[in-house]
Amino acid sequence: MRCFLAIAFTVHLLIATASAVPPLINYQGYLSNSAGVPLDTTVAMRVSIFPDSTGGTSNWSETYASVLVTDWLFHLQLGSLVPISDLFADSTLWLAVRVGTNAEMTPRQRLTAEPWAYRVWSVDGATGGTVTGDFSIIGSGSIGDGNTVTGSQSLAVGRTNVATGANSVCFGRGNRVRGDYSSVLGGGGATDIDSNSANGFAAVVAGGRGNDADGGYAVLGGGNVNRIQSAASYSTLGGGYLNDIGGDYTVIGGGSSNDADGNYSVVCGGVANWVSGTEGVVVGGANNFAGINGFVGGGRDNMAQGPYSVICGGDSNNTSLEGGSVLGGVHNTAGGYYSTVAGGRQNTASARYSFAAGRRANANDAGAFVWADSTDATLSSPGINTFSVRASGGIRMWTSAAADVGVTLLAGDNTWNSVCDSTLKTKLGRVDGRELLNKLMALPVYRWHHKHGDPQLQHIGPMAQDFWNQFHAGGDSMKISTIDPDGVALAAIQELAKRTEQLEMRNERLESEIRELRARLDQWALRN
């Protein structure tokens with residue numbers, strides 16, 4: 001059977017990032033008999049590719065034992081039986097077809113541009129040859145002008161880049177990658193000052209200008225003139241300007257002119273902040289300092305010098321010893337071990353476990369608490385473990401949610417005033433003065449001092465148990481309130497006043513009777 005072949009040749013190039021290009025080329029054609037009648041049949045077919053239009057030895061061939069022809073159309077996938085290797089290194093190739101035992105059909109068909117896209121597969125697998133021009137990869141490679149690649153399996157892309165580290169990558173302009181498994185992903189410039197460098201093992205510079213990642217496993221995101229020192233391994237610098245890391249496992253998020261020298265330390269941002277100690281943190285602000293395990297939340301000119309000390313913010317605050325804390329404010333100092341300044345201005349907690357707050361409060365003694373108001377005057381602690389408060393506007397202390405039970409100390413006064421408004425009380429009845437006076441007369445009164453107090457500090461008064469047994473007033477039998485003895489005394493005074501009034505009235509009657517008797521005696525004496 002003599003056949004005629006009309007060929008429609010197509011190539012479909014598939015590109016995928018996660019897998020290699022399929023090693024197949026689609027090929028379609030039309031098959032008819034010598035009279036031009038379309039065929040519907042099954043035939044054997046051999047397809048070959050030659051370097052010449054006639055004669056020669058084929059570079060590749062593939063035989064199909066059973067090709068289905070339907071309404072004279074057939075379809076093949078070249079490379080499905082015999083892999084197509086690097087055929088398309090040559091610029092001129094010809095395709096020849098033989099059907100069954102017939103002679104090779106003539107003329108051969110010259111392959112046009114589409115099949116050469118198949119070489120994408122060889123580049124994807126890094127097994128191809130050399131592509132001429134500015135791009136060349138043989139083991140290591142370079143794309144661009146003036147790049148130097150001496151590290152094995154390394155790549156430089158851009159201009160005047162240097163990749164000397166093994167398995168390294170260098171992009172951009174004028175950048176340097178000297179560490180093995182390290183990368184500069186972009187940026188740089190025409191001068192050495194502008195160039196980025198990744199010199200540590202497995203270090204990365206993502207971009208920017210003038211950045212250096214010299215520590216092992218260091219990551220530098222970008223910015224300008226930032227540095228991770230060679231002694232700083234596993235550290236990260238996000239960006240910004242003129243920042244420097246000198247500690248292992250350390251982070252600078254950004255900002256300008258920040259330094260993080262302690263291991264495991266952090267500077268989130270800001271300007272001219274410095275962490276010198278292990279595990280110190282400065283969140284932001286300007287000109288702040290944190291030592292070992294120190295923390296500065298922000299603000300400016302704050303110094304958390306003591307280990308484990310904290311400054312939350314503010315301006316010109318200072319902690320100098322272990323465990324000190326300043327919560328904020330201006331010009332405050334926590335200078336004692338574990339001392340605290342809650343905030344305010346010009347306060348000092350200079351002794352161990354001392355506390356100061358307000359304005360010009362000085363807790364100079366261990367365990368002292370000093371709370372000063374807004375008055376521009378110094379209030380100092382009088383001794384160790386003392387509690388001092390300056391409230392020139394008065395003090396109010398409430399023991400109920402409605403703020404209707406409690407005491408006040410009025411401005412300029414030195415006595416406590418209990419809330420005694422009759423509208424806030426429930427009256428249970430009047431007391432019997434005679435009964436209270438009799439009980440008061442039976443109440444033992446002692447001179448005493450507290451067992452754990454100063455023996456020289458003596459008091460006069462009853463015991464709480466005796467007072468409770470006589471009057472059953474107050475919270476319980478272990479305490480005496482300040483108001484109940486006053487009430488007992490007032491009731492007793494009223495009873496005594498009543499008795500005095502009765503005695504005075506009796507005396508007046510007696511004196512009147514005496515005067516009357518004297519007058520009678522005088523009259524009797526005159527008559528006799």
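**Figure 1. Surface and overall make-up of the predicted model.** The protein exposes about 29400 Å², and carbon and sulfur atoms supply 55% of this area. The structure shown is a predicted model. Four helices and 46 strands are found in the protein. Of its 528 residues, 34% are buried. When contacts between residues at least 6 apart in sequence are considered, 15% of them join residues at least 24 apart.

**Figure 2. An open sheet of four strands.** The strands follow the order β4-β3-β6-β7, and their pairing is antiparallel. The edges of the sheet are formed by β4 (60–69) and β7 (109–110), each of which pairs on one side only. Strand β3 (residues 41–50) runs antiparallel to β4, and eight bridges join the two. Within this pairing, I49 stands opposite W60 of β4.

**Figure 3. Strand β5 and its partner β2.** In a regular strand, side chains alternate between the two faces of the sheet. Strand β5 shows such an alternation: F74, L76 and L78 point to one face and are buried, whereas L73, H75 and Q77 point to the other face and are not buried. Six bridges pair β5 with β2 in the antiparallel sense. One of the residues involved is L76 in β5, the bridge partner of Y27.

**Figure 4. A tilted aromatic pair, Y30 and W72.** A pair of aromatic rings is described by the distance of the centres and the angle of the planes. The whole structure contains 13 aromatic pairs. In the pair of Y30 and W72, the ring centres are 5.3 Å apart and the planes stand at 50 degrees, so the pair is tilted. An angle under 30 degrees would count as stacked and one over 60 as edge-to-face. Y30 belongs to strand β2 (residues 25–33), while W72 lies in the loop between β4 and β5 (73–78); the pair therefore ties together parts that are 42 residues apart in sequence. Y30 counts as partly exposed because its relative accessibility is 32%. W72, at 29% relative accessibility, likewise counts as partly exposed.

**Figure 5. A stacked aromatic pair, Y249 and Y264.** The rings of Y249 and Y264 form a stacked pair, with 5.1 Å from centre to centre and 5 degrees between the planes. This pair links distant parts of the chain, 15 residues apart. Y249 lies in the loop between β22 (244–245) and β23 (251–252), and Y264 in the loop between β24 (259–260) and β25 (266–267). Y249 has a relative accessible area of 42% and is partly exposed. Y264 is also partly exposed, with a relative accessible area of 45%. Both residues belong to a cluster in which ring pairs link Y181, F201, Y217, Y234, Y249 and Y264.

**Figure 6. Strands β42, β43 and β44.** Strand β42 (residues 395–398) and strand β43 (residues 406–409) run antiparallel and are joined by four bridges. Here I395 stands opposite L409 of β43. Strand β43 also pairs with strand β44 (residues 416–418), in the antiparallel sense and over three bridges. In this second pairing, L409 stands opposite W416 of β44. L409 thus faces I395 in the pairing with β42 and W416 in the pairing with β44. The hairpin of β43 and β44 has six residues between its strands, and G412 in this hairpin takes a positive phi near 80 degrees.

**Figure 7. Helix α2 and its buried side.** Helix α2 spans residues 433–442, and G433, L436 and L437 are buried in it. These three residues cover an arc of only 100 degrees around the axis, which places them on the same side of α2. The buried residues of α2 pack against two helices, α3 (464–471) and α4 (483–527). The N-terminal end of α2 is capped by D432: a side-chain oxygen of D432 lies 3.1 Å from the backbone nitrogen of R434.

**Figure 8. The buried residue S142.** S142 is part of strand β9 (residues 140–145). Its relative accessibility is 15%, so S142 counts as buried, the limit for this being under 20%. The side chain of S142 makes a polar contact of 3.2 Å with the side chain of N147.

Terms used: Residues are numbered from 1 along each chain as its sequence is written. This is a predicted model: local features need pLDDT of at least 70, side-chain atom pairs count only at pLDDT 80 or more; totals for chains, interfaces and linings use all residues. Side-chain values use heavy atoms; hydrogens and water are left out. Buried means under 20% relative accessible area, exposed over 50%, partly exposed in between (1.4 Å probe, protein chains only). The arc is that of the directions from the helix axis to the C-beta atoms. Contact means heavy atoms within 4.5 Å. A polar contact is a pair of N or O atoms within 3.5 Å; within protein, one must be able to donate a hydrogen and the other to accept it, and residues adjacent in sequence count only if both atoms are side-chain atoms. Two strands pair if DSSP finds at least two bridges between them. Accessible areas come from the Shrake-Rupley method with a 1.4 Å probe; for residues, only the protein chains shown count as cover. Rings of Phe, Tyr and Trp (its six-membered ring) pair if their centres lie within 6.5 Å; planes under 30 degrees apart count as stacked, over 60 as edge-to-face and the rest as tilted.
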